[in-house]
Amino acid sequence: KEFTVDIVTPSVFYIESASELPLDRVRIAVKVGAGIWVAEQRFKWTSLRIELPPSKYTIIISRQDAMLEQQVAGNHPDMLPRHCVPFSVLLAATELSPPPNLQGPKTGLVGGLRGRCSPVGAMPFPLDMFSPLGGSAGIGGPQSLNDGSVLIRHKMMLIDVHDGRKKVAVQLPPNELVVKASIVFDGSVTAAAAREIMFALEHADHGRERAKATWPLSPSGFSRVFTINGDGSMIWLSF
């Protein structure tokens, strides 16, 4: 079963499915152009928490053992179990950027949290840069179908979901691709915190591209230029 969820503001999206019996495991996932983000299985529950920019996302719900049962039925139709599978599904979206009445311009109070880092005006990184439903449409994407080009210039955020890690899939065109990444940190970010941010271009085998040039940006940040021989595969912007 597939259906669409419309996320209208930057949000932390939580999906969960649960079944009554361990053998009736139900899988739930978010589907994008780069593949599917599968929820983690823990006994009878599967759950996934992920930060998403505004877009329409496809949710998939399926029986985890359905394919195995079909293979068994092909050889032994009489062994195919016939029963209903009761299960529950929970979906929840929590807004990252609070409404203006919850923002304290003098106190730094944002959504009930007091701190220097404000999410107002910032976007979570999309899940990919090339598909219409990958989340990049609100920040300048997706990539051009002709040459793979895209220009993203926006205030972005990294939060502590998945230990602060984020990977964004980019479709490589069949020709050479030049990638320039310029990262400038918000004025509230200290120099020590800025040094904790790592950025790389990673292939599917986790091999990393080496930058052709790197230079610092004032007051805090850096630019890197990569030249990649495109082959139609995917590469990941890894933060």
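**Chatting through a four-stranded sheet and its salt bridges**

Modeller: Let's start with Val-89, which sits in strand β8. Keep in mind that this is a predicted model.

Biologist: Fine by me. Which residue stands opposite Val-89 in β8?

Modeller: Look across to strand β2, which covers residues 11–19. β2 and β8 run antiparallel and are joined by nine bridges. The residue facing Val-89 lies in β2, and it is Ser-17.

Biologist: And is Ser-17 buried or exposed?

Modeller: Under 20% relative accessible area counts as buried. Ser-17 has a relative accessible area of 1%, whereas Val-89 across from it comes in at 35% and is partly exposed. So the word for Ser-17 is buried.

Biologist: What does the side chain of Ser-17 make a polar contact with?

Modeller: Try the β6 side, since β2 also runs antiparallel to β6, with eight bridges between them. In that pairing Ile-15 stands opposite Leu-48. The side chain of Ser-17 makes its contact at 2.4 Å, and the partner is the side chain of Thr-46.

Biologist: Which residue stands opposite Thr-46 in β6?

Modeller: Go to β5, which pairs with β6 in the antiparallel sense over three bridges. The two strands form a hairpin with two residues between them, and Phe-43 in the turn has a positive phi of about 55°. The residue opposite Thr-46 is Gln-41.

Biologist: Now put the strands together for me. In what order do they form the open sheet?

Modeller: There are four strands, and the pairing is antiparallel. The edges are β5 (40–42) and β8 (87–95), each pairing on one side only. From one strand to the next the twist averages 15°. The order reads β5-β6-β2-β8.

Biologist: Back to Val-89. Which residues make the nonpolar surface patch of about 230 Å²?

Modeller: Val-89 is one of them, and at 35% relative accessibility it counts as partly exposed. In a regular strand, side chains alternate between the two faces of the sheet. The full set is Phe-87, Val-89 and Leu-91.

Biologist: On to charges. How many salt bridges does the structure hold, and what does Lys-31 pair with?

Modeller: The structure holds five salt bridges. For Lys-31, the closest N and O atoms of its pair are 3.5 Å apart. Lys-31 is in strand β3 (residues 26–32) and its partner in strand β1 (residues 2–7), so the pair ties together parts 29 residues apart in sequence. Lys-31 is partly exposed at 35%, and so is its partner at 45%; that partner is Glu-2.

Biologist: How far apart in sequence are the parts tied together by Glu-51 and Lys-166?

Modeller: These two form a salt bridge, with the closest N and O atoms 3.9 Å apart. Both residues are buried. Glu-51 lies in strand β6 (residues 45–52) and Lys-166 in the loop between β12 (156–157) and β13 (167–171), so the separation is 115 residues.

Biologist: Last one: which residues do salt bridges with shared partners join into one network?

Modeller: Start with Arg-208 and Glu-202, whose side chains meet at 3.2 Å, N to O. Arg-208 counts as exposed at 57% relative accessibility, while Glu-202 is buried at 7%. Add one lysine, and the network is Lys-167, Glu-202 and Arg-208.

Key: Residues numbered from 1 in each chain as written. Predicted model: local features only at pLDDT ≥ 70, side-chain atom pairs only at ≥ 80, totals over all residues. Heavy atoms only, no water. Pairing = 2+ DSSP bridges. Axes fitted to C-alpha atoms, helices over the stretch in contact; angles between N-to-C directions. Salt bridge = Lys/Arg side-chain N within 4 Å of Asp/Glu carboxyl O. Buried < 20%, exposed > 50% of the residue type's maximum accessible area, 1.4 Å probe, protein only. Patch = residues over 30% accessible without salt bridge, like charges linked within 9 Å, V, L, I, M, F, W, Y side chains within 5 Å. Areas by Shrake-Rupley, 256 points an atom, 1.4 Å probe, with all protein chains shown as cover. Polar contact = N/O pair within 3.5 Å; in protein donor to acceptor, adjacent residues only side chain to side chain.
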